[in-house]
Amino acid sequence: MADNFDLKYEEFRNYFNCKLDKSLEEISTVPQVLGDSMKYSLKLGGKRIRPVLMYSVGEVLGVEKQKLTPFACALEFIHTYSLIHDDLPEMDNDDFRRGKPSNHKVYGAANAVLAGDGLLNTAYSILLGECFKGNEYISAAKFICDAAGIYGMIAGQSADILHEKDENPDEDTLNYIYENKTAKLLIAAVTVPSVLKGGAYYSELKEFGRKLGYLFQLTDDILDACGSFDKLGKTTGKDEAEDKLTAVKLYGIDGCKLRVDVVGDDCHKILDGLQGDVQFLHDLVNFVKSRLN
């Protein structure tokens, strides 16, 4: 089972990386440093979990990868811009990303800000280009924009900063941060194929993305507390050092691990209600539960 999952994951990831490389060949900027800094962070690699999710749900629903690829690229551009800005000294202040120097350590803070801005604007340009193809493309593009914006990821990031060092941290605030900062882009990844397929399993997939995002952030918090730089490729122990509001702070390690099992089971139950071959998605849930990076 694991071998089949690994092979299929790599198939999706390699397909996406090939399409991403072709799209990056079309980016030529003046000054060149702008394009170089954008490409640097995009090509650092990573799990590409959002494109993989989009393709795998598309396969279940019968939506071709080619049709999904512009949306997958836009989503990865947005995710990458958020990582560049997250690593800045004014935000999470991390010198490493995926085992390599963060964008601002290579190109400077000002260029890193502009690289993030460039990625976000390019993502929106890609999405606008898709809107000429029909109403479902407009709906899919808007879904991603809303997930990335002030009612999604940015709101979650703002709340994350606002509630650092809260003397009385509460579960509702933590859930809000998790749902917006992390889950919204994962919700977009699994919902866009549904939108392009006329809304097939829309509510189920939206809830699946929300639960998977919560699961992903739970494991992220555990890894920050218990993981290693060699595995993660970024500094560990920062959440505790900065007294950030995390699941580990609220529930402790054992409480987090218990919630990982519960939320993972919730994800599996949602998938059981879908028709089609969802085994890869089941395996992906287990991959997120047991991930080491």
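Modeller: Before we start, a patch here is made of residues with over 30% relative accessible area and no salt bridge, with nonpolar side chains joined within 5 Å. Please keep in mind that this is a predicted model.

Biologist: Thanks! Which residues form a nonpolar patch on the surface?

Modeller: Together the members have about 350 Å² of accessible area. One of them, Tyr151, lies in the loop between helix 7 (135–148) and helix 8 (153–162). The patch is formed by Ile150, Tyr151 and Ile154.

Biologist: Is Tyr151 buried or exposed?

Modeller: The cut-off for exposed is over 50% relative accessible area. Tyr151 has a value of 63%, so this residue is exposed.

Biologist: Let's go inside, then. Which helix gives the most to the largest nonpolar core?

Modeller: That core has 80 residues, and Leu53, Phe71, Phe208 and Leu281 touch the most other members. The top contribution is 13 residues, and it comes from helix 9 (residues 171–196).

Biologist: Is Leu186 of helix 9 buried or exposed?

Modeller: Beyond its neighbours within four places in sequence, Leu186 contacts Ile49, Arg50, Leu53, Gly209, Leu212, Gly213 and Phe216. Buried means under 20% relative accessible area. Leu186 has 0%, so this residue is buried.

Biologist: And Val192, how far is its C-alpha atom from that of Ala140?

Modeller: Val192 is also a helix 9 residue, and at 0% relative accessibility it counts as buried. Leaving out residues up to four places away in sequence, Val192 touches Met54, Leu68, Phe71, Ala140 and Ile144. Val192 and Ala140 are 52 residues apart along the chain, and their C-alpha atoms are separated by 5.4 Å.

Biologist: Nice. Which residues does Leu53 contact, leaving aside neighbours within four places in sequence?

Modeller: Leu53 is among the core residues that touch the most other members. Its contacts, with those neighbours set aside, are Leu186, Ala189, Val190, Phe208, Leu212, Leu281 and Leu284.

Biologist: Leu281 brings us to helix 14. How far apart are the end C-alpha atoms of helix 14?

Modeller: Helix 14 covers residues 279–290, and its buried residues include Leu281, Leu284 and Val288. At 1.5 Å a residue, the 12 residues should span 16 Å. The end C-alpha atoms agree with that, being 17 Å apart.

Biologist: One last stop: is Thr80 buried or exposed?

Modeller: Thr80 is found in helix 4 (residues 65–86). Apart from neighbours within four places in sequence, its contacts are Ser41, Leu42 and Leu119. Its relative accessibility is 2%, so Thr80 counts as buried.

Methods. Residues numbered from 1 in each chain as written. Predicted model: local features only at pLDDT ≥ 70, side-chain atom pairs only at ≥ 80, totals over all residues. Heavy atoms only, no water. Core = buried A, V, L, I, M, F, W, Y, C linked by side-chain atoms within 4.5 Å. Buried < 20%, exposed > 50% of the residue type's maximum accessible area, 1.4 Å probe, protein only. Helix = DSSP H or I, 4+ residues; strand = E, 2+ residues; numbered from the N terminus. Contact = heavy atoms within 4.5 Å. Patch = residues over 30% accessible without salt bridge, like charges linked within 9 Å, V, L, I, M, F, W, Y side chains within 5 Å. Areas by Shrake-Rupley, 256 points an atom, 1.4 Å probe, with all protein chains shown as cover. Salt bridge = Lys/Arg side-chain N within 4 Å of Asp/Glu carboxyl O. Expected span 1.5 Å × (residues − 1).
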